[in-house]
Amino acid sequence: MYTPVLRRLVALGGAQGMRAFSSSATVSEAIKRITVVGGGQMGAGIAQVAATFDHQVTLVDVSPEALERGRQYMGKSLGRVAKKKFPEDPAQQTNWVDSILGRIQGSTELSKGVSQADLVVEAIVENINVKQRLFADVAQAAPADCILASNTSSLPIGRIFENLSAERRALAVGLHFFNPVAQMKLVEVVRTGENSEEIVQKALDFVRAIGKSPAVCQDTPGFIVNRLLLPYMMEAIRLLERGVADSRDIDTAMKLGAGYPMGPFELADYVGLDTVKAIVDGWYTDGEGLKGDSLFMPSPKLNELVAAGHLGVKSGQGFYNYKK
Ligand code: CAA
Ligand code: NAD
């Protein structure tokens, strides 16, 4: 028996629609055009990786300046990969980077940017209202069979899409990438209870087709990685606030004593302190099963840094100073 999604595809594309949806179809057959909304560190990383694996990508952000920042981020990151790929050949490095950037076009017009998309991945600010408004607009302009995905760190995928039609919700999924996207192999793929098995399968195929490894999980706060990582980061900040050790010693301890590639303060700065704050504040006030949990109660130190605009690596100052 056909699921509603399969029925719609058959209606849309007959045998072709069915082929596009068969689990044996490669993603390059099924998902060709990706639109990434939000060209910050995550969105630029996702766009870059999708284009590296031959997808046509549109990157949407609010201003030409934001798009330019995204482009610079991608150029730098691709440059690092190219140096390893063609160590002896700077001309080939440049060609390779240019050919990938050539598959990514920027846009500040959301409706135009999503109008041809097979998949829209959102990587904008971690705020439920802003994300819901964005997807209301996306739903007005994207093709009816477009897959809608959020890269949220902490928000319930089901809530982000709750105001959309049942048909749109069946095509919505969590695709949670990790920073830096070019280097981190994992993508969490989130079942919502409303998305169909075909969509989860298609999301898994896409993840593998861009060289990543998926982990499937249910729609619970923080999925797998952040549900474990955020309590750790917050406990590190509490150690600092209680004067147990300074941030350098805590970072050194976790790198040399526990084998982590970055200490908790380096990692928080790398993620972005605004994002860390948005995650813990959201969980403390409204997180399913986490509301009022002392692990996530407001941290004076974190609040002070964010209020001062010290957001970590991306602003040049966080727990550490990154200005040259
Ligand atoms: N683009 C492309 N490649 C990059 C890169 C980037 N932005 N950053 C690092 N790399 C590559 C380097 O080229 C290098 O590659 P090779 O090993 O093949 O030579 C490799 O990564 C290691 O880089 P470096 O030698 O420069 O530096 P490092 O050893 O300190 O590694 C790191 C950097 C990969 C970021 C490492 O410190 C690390 O893994 N840190 C932890 C990152 C992490 O935990 N991320 C998850 C954050 S949580 C999250 O993302 C979820 C959320 O919702 C908040
Ligand atoms: P960022 O601050 O680097 O970038 C956000 C980008 O979104 C900015 O360029 C901003 O101009 C743009 N933007 C904001 N509102 C927009 C809108 N309405 N339309 C189009 N563009 C808009 O943030 P980031 O670190 O890339 O995080 C983005 C999302 O990814 C968040 O939901 C975050 O929780 C999640 N995430 C972050 C990390 C991380 O380590 N930073 C890891 C995984 C997931």
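Start at helix H4 in this predicted model: H4 gives the largest share of the shell around ligand 1, with 4 residues. Now bring up the whole shell, which holds 19 residues. The closest of them are Ser77, Arg80, Lys84, Ser153 and His176, so to speak your five landmarks for this stop. Colour the shell by residue class and you will find 11 nonpolar, 6 polar and 2 charged residues.

Next, zoom in on the oxygen atoms of ligand 1. Select Ser153 first: an N or O atom of the Ser153 side chain sits 2.6 Å from a ligand 1 oxygen. Then pick Asn226, where a side-chain N or O atom is 2.8 Å from an oxygen of ligand 1. Add Gln183 as well, with a polar side-chain atom 3.2 Å from an oxygen atom of the ligand.

Now switch on a surface for ligand 1. On its own, ligand 1 exposes 1,000 Å², and the protein buries 68% of that area. To see which elements take part, select helix H4 (64-85), helix H11 (225-241) and helix H13 (264-271); these are the elements that give two or more residues to the shell.

Ready to leave the ligand? Turn to the cavities: the structure holds 3 of 30 Å³ or more. Visit the second largest, which contains about 40 Å³ of space. To outline this cavity, select Ile157, Gly158, Phe161, Arg169, Ala172, Thr192 and Glu194, the residues that line it. Coloured by class, that lining shows 3 nonpolar, 2 polar and 2 charged residues.

Note on methods. Residues numbered from 1 in each chain as written. Chains lettered and ligands numbered in written order. Predicted model: local features only at pLDDT ≥ 70, side-chain atom pairs only at ≥ 80, totals over all residues. Heavy atoms only, no water. Near = heavy atom within 4 Å. Polar contact = N/O pair within 3.5 Å; in protein donor to acceptor, adjacent residues only side chain to side chain. Areas by Shrake-Rupley, 256 points an atom, 1.4 Å probe, with all protein chains shown as cover. Nonpolar A, V, L, I, M, F, W, Y, C, P; charged D, E, K, R; others polar. 1 Å grid on protein atoms, 1.4 Å probe; cavity = no way out; pocket = protein on both sides within 12 Å on 5 of 7 lines; lining within 4 Å. Points joined across faces, edges and corners; volume = space filled by probe spheres on them.
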